Amino acid sequence: MDAPRAIVIGCSAGGLSALEQLFAQLLPSLPQPIVVCCHTGSSTVDLMCELLARHSTLPVVEATERSTPLGGTIHVAPSGYHLLVEATGRFALSVDERVSFARPSIDVLFDSAAEAYGDALIGVVLTGANRDGAEGLACIRHHGGLAVVQDPGDAEAPTMPQAALELAGADHCLPLAAIGPLLNRLCLP
Amino acid sequence: MSPSAGQAPPVDHALEDIEVDLFVRALKLRHGYDFSQYAPASLKRRVLQLVHSQHTGTISGLTHRVLHEPAFLPEVLEGLSVPVSEMFRDPEVFRALREQVFPVLASYPQINIWQAGCAHGQEVYSLAILLEEAGLYERTQIYATDFNEAALRHAQEGIYPAREAQLWSRNYLAAGGSHTLADYYSARYELIKLDQRLRRHVIFANHNLVTDEVFCEAHLVLCRNVLIYFSDPLQDRTLALFRDSLVRGGYLCLGTRESLDFAPSAIDFTPVNSALRIYRLGSRSEGVD
Ligand SMILES: C[S@@+](CC[C@H](N)C(=O)[O-])C[C@H]1O[C@@H](n2cnc3c(N)ncnc32)[C@H](O)[C@@H]1O
């Protein structure tokens, strides 16, 4: 794998507190953009961004249409839209049908990011109560990217990481507390 | 570390990209529908979904049918178009239209509204209801257009799954509706049908934003969540089309997450409510505000 150019993260039930813990551990000098798809019931992610920013070492913003993800910044998929990464590296949105009952869908983000970044991508699947993200993570691995999955035993909701392990496998399967340090190591060699 | 389950089929993505290109060319050369300037990532997803739903095995299989089976075209367009919508989606937008835009529209003797990319008509009926409640509907003409024939037919019928009614009713109230949504539809079995009197000032028409021209003089253009599917140049061209269709000081309303940062034509519009993506044609210096 080449030096990673981006990190994509997917989570659902229990995701907010998992992300809070994870983002508190990331080094502020991380040069890669981080893109997050977290299923939420609310109509905007304003509050989520605000809560995450309180714990995060890195700035947290909502991902905006047509923009290029910024290094060292956490971009959160807007509510109600699928978030995709184009081959140009820029964000795109769609309101296509829900995928596995979800919009934004983790699979949609991961698939497009895998095509855009090839093997220079790290995909992370955290806690969640559905199977979204498993196919996307398989796609990332298929492109030579690296797969990190939260240990289902450690996850608030084990279904999502379990499904990812079954369908895609993982290069690293770790408790949440170990994932931040791993990402720091992989991204700041 | 732990091994891959290794079940992902060996897809050659570079080859797929070539096939998408050829498919798009075939569609254009054979039928005149040009998707070459659509945002590639989501277009590819929809093409692959068609491969799946039509059991053509490969994208080339789809291309073959596009070339050799004229009757196949509507299904392809239906698959590539995304007629996904809601009544009063983003209620605060409809509230802003009611509170900030309608009072200005009220000063025109005849009001023309163009709803571009109307999908299954959910927003058309939403607008008609709000105009009715504002007492403006009798002098309004709505042009509801889409390039998906099947979607237009659906829009004309105004029949939707009853399970949507709950969300839409909530949206309607949040948008400032003054009755209950149920006053505007009848429910039967698992379906609701919108009051067809709401259609009396609507003309549904096939119009392709990529290839068709200006056809009306509009006071308001509503085009939400359509330009997100267009690449920068096509988004810009379409904005120019809206500009040329609008009267001076006319309003443009886009989807709440759309960005005009890469569209030079955006300079012709002044934000009225930037968070909700409501604009007015003309610059501030021209006294439009
Ligand atoms: C996601 S829907 C938007 C529905 C509604 N405005 C909303 O926001 O809820 C997008 C619509 O745009 C239409 N569309 C896409 N490309 C078009 C084109 N070139 N010309 C006209 N309509 C188009 C599609 O057929 C689809 O019905």
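These exercises work through the contacts, burial and salt bridges of a predicted model with chains A and B.

**Exercise 1. Describe the interface between chain A and chain B, from its extent to its make-up.**

Step 1: extent. On chain A, 32 residues are in contact with 34 residues of chain B. The buried area is about 2700 Å². Carbon and sulfur atoms give 46% of that area.

Step 2: main contributors. Glu65(A), Arg66(A) and Val95(A) supply 23% of the area that chain A buries against chain B, more than any other three residues.

Step 3: polar links. Between chain A and chain B there are 14 residue pairs in polar contact, both residues at pLDDT 80 or more. The count of salt bridges between the two chains is 6. One salt bridge joins the side chains of Arg45(B) and Asp111(A), at 3.1 Å from N to O.

Step 4: elements. Several elements give two or more residues to the side of chain A that touches chain B, including strand E5 (82-85), helix H3 (106-117) and helix H4 (134-142) of chain A. H3(A) gives the largest share, 5 residues.

Step 5: residue classes. That side of chain A divides into 11 nonpolar, 7 polar and 14 charged residues.

Step 6: a network. Glu65(A), Arg66(A), Arg90(A) and Asp232(B) are linked by salt bridges.

**Exercise 2. Decide how far H4(A) is enclosed, and find what its buried residues pack against.**

Step 1: count. Of the 9 residues of H4(A), 7 are buried, so the helix is largely enclosed by the rest of the structure.

Step 2: names. The buried residues are Ala134(A), Gly136(A), Leu137(A), Ala138(A), Cys139(A), Ile140(A) and Arg141(A).

Step 3: partners. These residues pack against strand E1 (6-11), H3, strand E7 (121-125), strand E8 (146-150) and H5 of chain A.

Step 4: what follows the helix. Gly144(A) comes after H4(A), and its phi is positive, near 90°.

**Exercise 3. Examine the two faces of strand E2(B) and its pairing with strand E1 of chain B.**

Step 1: burial. Strand E2 (residues 140-146) of chain B has 7 of its 7 residues buried, so it is largely enclosed by the rest of the structure.

Step 2: faces. In a regular strand the side chains alternate between the two faces of the sheet. Thr140(B), Ile142(B), Ala144(B) and Asp146(B) are on one side of E2(B), with Gln141(B), Tyr143(B) and Thr145(B) on the other. Both faces are covered.

Step 3: pairing. E2(B) pairs with strand E1 (residues 111-116) of chain B in the parallel sense, over 6 bridges. Trp114(B) stands opposite Tyr143(B).

**Exercise 4. Locate three salt bridges within chain B, and state the burial of each partner.**

Step 1: Glu16(B) and Lys44(B). Their closest N and O atoms are 3.2 Å apart. Glu16(B) lies in helix H1 (residues 13-31) and Lys44(B) in helix H2 (residues 40-53) of chain B, so the pair ties together parts 28 residues apart in sequence. Glu16(B) is buried at 11% relative accessibility. Lys44(B) is buried too, at 7%.

Step 2: Asp90(B) and Arg224(B). The closest N and O atoms are 3.2 Å apart. The two residues sit in loops of chain B, 134 residues apart. Asp90(B) and Arg224(B) are both buried.

Step 3: Arg200(B) and Glu138(B). Here the closest N and O atoms are 2.5 Å apart. The pair ties together parts that are 62 residues apart in sequence. Arg200(B) is partly exposed at 30% relative accessibility. Glu138(B), at 54%, is exposed, because the cut-off for exposed is over 50%.

Note on methods. Residues numbered from 1 in each chain as written. Chains lettered and ligands numbered in written order. Predicted model: local features only at pLDDT ≥ 70, side-chain atom pairs only at ≥ 80, totals over all residues. Heavy atoms only, no water. Contact = heavy atoms within 4.5 Å. Buried area = accessible area lost by both parts, 1.4 Å probe. Salt bridge = Lys/Arg side-chain N within 4 Å of Asp/Glu carboxyl O. Polar contact = N/O pair within 3.5 Å; in protein donor to acceptor, adjacent residues only side chain to side chain. Helix = DSSP H or I, 4+ residues; strand = E, 2+ residues; numbered from the N terminus. Nonpolar A, V, L, I, M, F, W, Y, C, P; charged D, E, K, R; others polar. Buried < 20%, exposed > 50% of the residue type's maximum accessible area, 1.4 Å probe, protein only. Pairing = 2+ DSSP bridges.
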